[in-house]
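Here's a quick tour of a few local features, with the strands and a bit of surface in focus. Have the viewer open and follow along.

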Amino acid sequence: MNPILHDTCFVPDVEARVMPDGRLYLYGSWDHPHSDYYCSREAHCFSTDDMIHFVDHGVIFRNDEEFQGMPWNPQSWLYAPDAIHKDGKYYYYVCGERNDEGVAVADSPTGPFSPAEPIEGANGDSIDPAVFVDDDGQAYYFWGQFTLRGGKLMDDMKTLIPDTVKDGIVTEWEHGFHEGASIRKRNGKYYMVYTDISRGKATCMSYAISDHPLGPYKKGGVIVDNIYCDPASWNDHGSIAEFKGQWYVFYHRSSQNRQTCRRVCVEPIYFDENGYIQEVEMTSSGAEYALNPFNGIPARAACRMMGNCFVTLEDDREVLVKQSGGHWMTDWAEYKYLDFADGATTLTVTVKGKGRISFRTDGADILGSVDFDTHEVKEYTATVSTVAGRRPLWLFLDGEFTLYSIRAEK
């Protein structure tokens, strides 16, 4: 289910890496809830062996008074990282708010990592590191906003080979490149994934393809666009990874009517016969085929929202808030996809406040509606036209209330 981590874990900018133990690890920034600031001075790691259950490995790196992760720039905030395994060591690439670029080393994918050392040739220049080790063992390093720079790394994994460094590998004016590069290889082709601003806001994750890590790259298209995940959404940033034979895109969504408070999500992706990635939609189900509404769906699983509504954190639990104003036809939340099996005839909402929720799915009129007026958290049930199979569900919202969950019954 998206978002894929616990309600209190605000992890954007995720690099997903399959490590030698066979598990998939997520390395990302760490946003604080209810904050208007991007990121923080700490970073966490999560891992999975089934794409459903994620282990929280806690704080793996920090740059504060307790641990000066970037000794040359103590207490600089930590932006998007990357990590990779090479020759028995794990390298954790960090960047900071002052264009710091560094690398820390550990014997385990979850640390403990050493204090970072600066990347010679990139430190102080820009943000957002990306690292790649090719099949021949040669490592490459990339960084930058608006124009991507990159080059080969020496065996120490921290020094760029000067005469290999290139600028303009992908650019904003040619490829829509805004920031957040990430590189993977598939079938002999190199895929540069990045935050794309070509649709007017930096809400897209797109990709470009090349025959060489350092280019030239030709833009392939958009992988996922997180527009409408939150009224204030601004950027998207993540990666692609193959895990147990399936490729996925890892991206983030904003919440709390802020550009920040971002949460990692995932969607399966597919390549055509020419190696191009088909654009996928945001869903609530993520890596799962569909969610089971008979077990109850948390309101925070809404994948798109419009109007005066957004997901926020209340007592360590994410909920959907509908503010006053607007109109039921313009204020709505979307849930994709739910498996109603052979049919549901009622839908129950857990809410607090006053208003009306109307239900609709594809190819149908309003299935039914429920009215409520309560100062306490209560359940209200609507009898609806039978809805069956794997379907999207739209909730049209009117009033001022907090929605906690939705449940179907046969």
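Where does I366 lie? I366 sits in the loop between β24 (344-360) and β25 (368-387). Keep in mind that this is a predicted model.

## A nonpolar patch

That loop residue has company at the surface: W328, M329 and I366 make a nonpolar patch of about 280 Å². I366 has a relative accessibility of 35%, so it counts as partly exposed, given that the partly exposed class runs between 20% and 50%.

## The β21-β22 hairpin

Next up is strand β21 (residues 309-314). Five of its six residues are buried, so β21 is largely enclosed by the rest of the structure.

Its partner is strand β22 (residues 317-322): the two run antiparallel and are joined by six bridges. If you want to check the register, look for C309, which stands opposite K322 in β22. The hairpin has two residues between the strands, and D315 takes a positive phi there, near 55 degrees.

## The open sheet, β1 to β4

Now jump to another part of the chain. Four strands, in the order β1-β2-β3-β4, form an open sheet with antiparallel pairing. At the edges are β1 (15-18) and β4 (54-62), each of which pairs on one side only. On average, neighbouring strands in this sheet are turned by 25 degrees against each other, ignoring direction.

Zooming in on one pair, β1 and strand β2 (residues 24-27) run antiparallel, with four bridges joining them. Pick R17 and you'll find its bridge partner in β2 is Y25.

Key:
Residues numbered from 1 in each chain as written. Predicted model: local features only at pLDDT ≥ 70, side-chain atom pairs only at ≥ 80, totals over all residues. Heavy atoms only, no water. Buried < 20%, exposed > 50% of the residue type's maximum accessible area, 1.4 Å probe, protein only. Pairing = 2+ DSSP bridges. Patch = residues over 30% accessible without salt bridge, like charges linked within 9 Å, V, L, I, M, F, W, Y side chains within 5 Å. Areas by Shrake-Rupley, 256 points an atom, 1.4 Å probe, with all protein chains shown as cover. Salt bridge = Lys/Arg side-chain N within 4 Å of Asp/Glu carboxyl O. Axes fitted to C-alpha atoms, helices over the stretch in contact; angles between N-to-C directions.
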